[in-house]
Amino acid sequence: MVKSIDATVAIIGAGPSGLLLSQLLHQSGISSVIVERTSKKRVLERIRAGILERGTVEGMEEAGCAERLHAECIPHDGVILSFDGEQFEIPVKAITGHQVIVYGQTEITKDLIDACEARGQRIYWDCADAELAGLDSNAPQVGFTTPDGETISLSADIIAGCDGFHGISRQSIPAARLREFERTYPFGWLGILVDQPPVAHNVIYANHQDGFALASMRSETRSRYYVQSAPGESVDDWSTERFWEAFTHRLGDLGKQVKTGEPIEKSIAPLRSYVSEPMRHGRLFMAGDSAHIVPPTGAKGLNLAFADVRRLSRAIAQWHASGSEEPLEGYSIEALARVWKVERFSWYLTSMMHQFPEHSGFEKNMQRAEFDYIRASEAGQTMIAENYVGLPF
Ligand SMILES: Cc1cc2nc3c(=O)[nH]c(=O)nc-3n(C[C@H](O)[C@H](O)[C@H](O)COP(=O)(O)OP(=O)(O)OC[C@H]3O[C@@H](n4cnc5c(N)ncnc54)[C@H](O)[C@@H]3O)c2cc1C
């Protein structure tokens, strides 16, 4: 027995993209249903992004979910670049008039799930077998099975593919209709979370001859630190002792001030740049990591996902109010214009701040020259600052 339900928008994935989209649509009086592969507990436990651009904060405000964010976030006025122990700060607020804030992706996810539940919207958790059909028609469908064994057929006007890089949405588009662009980097990031105060108020990006290091934070008492790891390495290759030795050494003099401790989380993430075009196929619209991935350098992944979602929610609201297809037709081209600029910045910062095994002395000197140029140039610092706080929406 198949149960039939319907909504204006079927959202695949309850990550930040899917949750924000549902909330923004609700604010415009548009119904949605969210189908998620994994459990609520697992979604709430994922430790990922933490540096938010102003546009992301505006998205949470539009969604009516920014109260706790404003009460608990830590504003940052600058970012520190370090090269073989030499450091300088780019005063991003003084240059652009804007700040970034620290507020964890886990907290954003929690705020959005709480809002969803408060308005009585059910999220279909633990539904791993979602299948999309009828994408070329005006009546697409999503079929899935709940953990209780109930088979559901969800009819919608629009499907939003918010199911991340490994989701089903992009895979449902015929290969001949997709163009994919990818760059994988010959290293990963080993990240730890530790209950110690951050070594500096602002984030530090460090290029050291031994490899990259990043000092970030989640609160005044919880730090998020990373080191560049070699391809194929696992967390087991990095004892806590090895991590602290590498991390403090790569930060130069600032490393002596680091308060070490036992990590409460340790993970390795590969680095990749990836874009899939177009971000629309028939009545399927892609947003966030389902359509593109940036390396974490510059902290753009979540911010770019939210920019897509804000754009998509507006297009859907305009279509819903007017009946015109025009706003939907512009979505992919407009979203991709931003995507490529953000891909460029993440690639640029990754290229400048890491040790590449294939680099000769020439490329190493190019990195050094780039660092010296930025340090001495107002124009160079402005380029980094305006990308770091987020390009205008
Ligand atoms: C390890 C790691 C560290 C990161 N660190 C940073 C950082 O420091 N800064 C930064 O800006 N960004 C970071 N990112 C990127 C950032 O977390 C992502 O850009 C952001 O999560 C994108 O949100 P999303 O909702 O588009 O995708 P996701 O967060 O991937 O959410 C997709 C959701 O869809 C669900 N799903 C998948 N397949 C299906 C299916 N078939 N059916 C139903 N549901 C499905 C998934 O379970 C998930 O809940 C990191 C990412 C990773 C993986």
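# A tour from the sheet outward

Start by selecting strand β5 (residues 79–83) and strand β13 (residues 203–208), which run parallel and are joined by five bridges. Strands here pair if DSSP finds at least two bridges between them. The strands (E, at least two residues) and helices (H or I, at least four residues) are DSSP runs, numbered from the N terminus. Within this pair, F83 of β5 stands opposite N207 in β13.

Residue numbers count from 1 along each chain as its sequence is written. The model is predicted: local features need pLDDT of at least 70, side-chain atom pairs count only at pLDDT 80 or more, and totals for chains, interfaces and linings use all residues.

**The eight-stranded sheet**

Now widen the selection to the whole sheet. It is open, has mixed pairing, and its eight strands follow the order β6-β5-β13-β14-β15-β12-β16-β19. At its edges are β6 (86–90) and β19 (292–293), each pairing on one side only.

Next, select helix α7 (residues 240–250). This helix lies across β12 (179–194), β13, β14 (211–217) and β15 (223–229), and runs at about 90° to β15. The angle is taken between N-to-C directions on a scale from 0 to 180 degrees, using axes that are lines fitted to C-alpha atoms, for helices over the stretch in contact. Contact means that the C-beta atoms of two residues, placed from the backbone, lie within 7 Å.

**Two loops beside the strands**

Go to the loop between β5 and β6, where D84 sits. The phi of D84 is near 45°, a positive value in a residue other than glycine. D84 has 13 other C-beta atoms within 10 Å, so it is partly exposed. On this scale, 20 or more other C-beta atoms within 10 Å of a residue's own make it buried, 12 or fewer make it exposed, and counts in between make it partly exposed; C-beta atoms are placed from the backbone.

Then move to the loop between β8 (123–124) and β9, which holds D126. Phi is positive there too, near 60°, again in a residue other than glycine. D126 counts as partly exposed because it has 15 C-beta neighbours inside 10 Å.

**The hairpin of β10 and β11**

From D126, step along to strand β9 (residues 131–133), which pairs with β10 in the antiparallel sense over three bridges. A133 stands opposite Q141 in β10. Strand β10 (residues 141–145) has a covered face, made of V142 and F144, and an uncovered one, made of Q141, G143 and T145.

On to strand β11 (residues 151–161), which runs antiparallel to β10 and is joined to it by five bridges. L154 in β11 is the bridge partner of V142. Five residues lie between the strands of this hairpin, and G149 takes a positive phi near 90°.

**A three-stranded sheet**

Select β3, β7 and β4. These three strands form an open antiparallel sheet in the order β3-β7-β4. The edge strands are β3 (51–52) and β4 (74–76), each of which pairs on one side only. Two bridges join β3 to β7 (residues 100–102), and L52 has I101 in β7 as its bridge partner.

**The ligand and D289**

Display the ligand and the 33 residues around it, of which G13, G15, G164, G288 and G301 come nearest. A residue is near a molecule if its C-beta atom, placed from the backbone, lies within 6 Å of it. Helix α8 (301–322) and α1 (16–27) are the elements that give two or more residues to this shell. α8 gives the most, with four residues.

Now pick D289, in the loop between β18 (284–286) and β19. With 25 other C-beta atoms within 10 Å, D289 is buried. Leaving out residues up to four places away in sequence, D289 touches G164, F165, G301 and A305. G161 lies 128 residues from D289 along the chain, yet their C-alpha atoms are separated by 9.5 Å.

**A cis bond and a kinked helix**

In the loop between β16 (265–277) and β17 (280–281), find P278. The peptide bond joining E277 and P278 is cis, with omega about -10°.

Finish at helix α9 (residues 326–353). The expected span is 1.5 Å times one less than the number of residues. For the 28 residues of α9 that gives 40 Å, which agrees with the 42 Å between its end C-alpha atoms. α9 has a kink of about 30°, centred on S332; the bend at a residue is the angle between axes fitted to the seven residues ending there and the seven starting there. Buried residues of α9 include S332, A335, V339 and V342.
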